[in-house]
Amino acid sequence: MSSPLARDFNSLAVHAGQDPDASTGAVIPPVHFSSTFVQDGIGNLRDGYDYGRAGNPTRAALEHQLAAIEGAEFGLSFASGLAAEDALLRAVLRPGDEILLGNDAYGGTYRLISKILVPWGVTVRVADLSDPTAVENALAESTPNLVWVETPSNPLLRVTDIAALARTAHAVGALLVVDNTFATPALQRPLALGADVVVHSATKYLGGHSDVVGGAVMTSDADIHAKTKFLQFAAGAVSGPLDAWLTTRGIKTLGIRMERHSANAQRIAEALAGDPRVGAVHYPGLATHPGHEIAAAQMTGFGGIVSLELSTGAQARAFSEATTLFTLAESLGGVESLLNYPDAMTHASVRGTELAVPETLVRLSVGIEGVDDLLADIDQALDTATR
Ligand SMILES: *Cc1c(COP(=O)(O)O)cnc(C)c1O
C-alpha cells in the first residue's frame, strides 16, 4: 500500500499502485510478462494470480493507479479505449435498452454503438447534451438507460455541466457515463460531480507519449465494476503487461503535462482568436466560448485541444498539410503537437450522420514544445493556406 500521505493528485499519480517490489526492493515494480502463475498445490495461489487474462500484477498496479487518479473505488484497464467502452456497455446494458449519446461524441464511440450494439438490440438517440433544453426534449420523448457524454467534446470542444446532467439522468433512472479523455482527471473529476462511470482512451493523455494504445473504466459502483470486470475476464480485451507499464509511467507526469498543454493551448487559442485569417476558434479557455463559465467551474484547466475553422474546406486542408512542427496524424494527447483534419480523418466514419463535423474545421492537439515555435508554425501554415 502506498503512503497514506499520498493524497494530492500528483502524489497519487506517482505513488498509487507503485510500491517498491517486495522481493528485490526495486523502486520501480518490474513488468510481469508471465502468462501463468505457479500454484503451490491445486488452487493454492501466492497472490491471487493464476492466468494472465484473469489478472496480471503490472495491470493490477495500473488499475490501482487509475482508480486513485479519478477518485474511484475501482479501475479496469483494457486493450484500447473502445475495448473499454464495449466492455462497459455490454456489462450494464441489455437488448431493448436505450443510450442517449452526445451529438459530437468521438466517431469511434458512435461506430461502436451504431454498428455493434444496435444490431445487438440496443437503441441509440443523439442530442446536444451541452444544451439543457435539448436534453429535456430528448428525455420527454423516451427514457434512456444510459447517458453518454464527452466534455469538452471532440472536436468542437462543447462543454456540458456534468453535475446538472447527472441530476437529470438520475431523475429518470439513467446512468451517466463521462468520457474524460480530453480533460483527464488532472483537470476534471466527473465522479465527484455525480457521474456513475468514467471511461478513457488511455492512448491519449494518460499514456501521453503516443507510444501505447489502451483504455480504462473507473467507477465507485461495486455492481457496475463487477459486471465490467467479468466482461474484461470473459471477453478478454485486457491490456498487455508492457502496455500497462507504459501507461503507468505516463500517468506519473500527467499533472505537469496537463498544466503545460493547457498553458500552450491558451496562448495559441488567443493568438488564433485575434487572427483575421482564421474563422471561429473553439477553446473552453476563451472567455467568448459558450461553455467557458461551466468549464471554469468544473475544470482546473482548459486542456490541450484547440479547434479552428478556416473560410473553406480547401483552406482547412491546405493549412493541415502546411504545418511542420504540428504533425499531421490521427490521435491526440501526446507530448508532441499533432494536427488532425476531422472530416477526412478521425471523423470520416460519421460523415453524413448527425455527428458530422464542418469541412472547414481543423483540430490541434497542442503539445508541450516551446509555444513560440508552435505559434510560428501556425503562422507560416496560415500564410500558405490563405495566400
Ligand atoms: C481516441 C478516443 C477514444 C477511443 O480510444 P482508442 O484508444 O482509440 O480505442 C474514445 N474517446 C475519445 C474521446 C477518444 O479521443
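Which residues are around the ligand?

1. In this predicted model, the ligand is surrounded by Ser80, Gly81, Leu82, Glu85, Tyr106, Glu150, Asp179, Thr181, Ser201, Thr203, Lys204 and Gly214. By class, this shell consists of 6 polar, 4 charged and 2 nonpolar residues. Helix 3, which spans residues 81-92, contributes the largest share of the shell, with 3 residues.

2. Three polar approaches to oxygen atoms of the ligand may be set out individually. In the side chain of Lys204, an N or O atom lies 2.7 Å from an oxygen atom of the ligand. For Thr203, a polar side-chain atom is 2.7 Å from a ligand oxygen atom. At Gly81, the partner is a polar backbone atom, at 2.9 Å from an oxygen atom of the ligand. On its own the ligand has 380 Å² of accessible area, and the protein covers 92% of this.

3. The location of the ligand can be stated in terms of the pockets. The ligand takes up the space of the second largest pocket, whose volume is about 350 Å³. This pocket has a lining of 26 residues, and those nearest its centre are Leu82, Tyr106, Gly108, Ser201 and Lys204. Among these, Leu82, Tyr106, Ser201 and Lys204 also appear in the shell around the ligand.

4. The lining of the second largest pocket comprises 12 polar, 7 charged and 7 nonpolar residues. At least two lining residues are supplied by each of helix 3, helix 4 (107-120) and strand 6 (197-201). Helix 3 thus deserves attention on two counts: it is an element of this lining, and it gives the largest share of the ligand shell.

5. A separate point concerns the largest pocket, which holds about 910 Å³ of space. Its lining is made up of 33 residues, with Asp47, Tyr49, Pro57, Ala60 and Ala61 nearest the centre. Two or more lining residues come from each of helix 2 (57-70), strand 1 (74-78), helix 7 (222-235) and helix 8 (241-252). Helix 2 provides the largest share, 7 residues.

6. The classes of residue in the two linings may be set side by side. The largest pocket is lined by 14 nonpolar, 12 polar and 7 charged residues. For the second largest pocket, the corresponding figures are 7 nonpolar, 12 polar and 7 charged.

Technical notes: Residues numbered from 1 in each chain as written. Predicted model: local features only at pLDDT ≥ 70, side-chain atom pairs only at ≥ 80, totals over all residues. Heavy atoms only, no water. Near = heavy atom within 4 Å. Polar contact = N/O pair within 3.5 Å; in protein donor to acceptor, adjacent residues only side chain to side chain. Areas by Shrake-Rupley, 256 points an atom, 1.4 Å probe, with all protein chains shown as cover. 1 Å grid on protein atoms, 1.4 Å probe; cavity = no way out; pocket = protein on both sides within 12 Å on 5 of 7 lines; lining within 4 Å. Sits in = over half its atoms within 2 Å of the grid points. Helix = DSSP H or I, 4+ residues; strand = E, 2+ residues; numbered from the N terminus. Nonpolar A, V, L, I, M, F, W, Y, C, P; charged D, E, K, R; others polar. Points joined across faces, edges and corners; volume = space filled by probe spheres on them.
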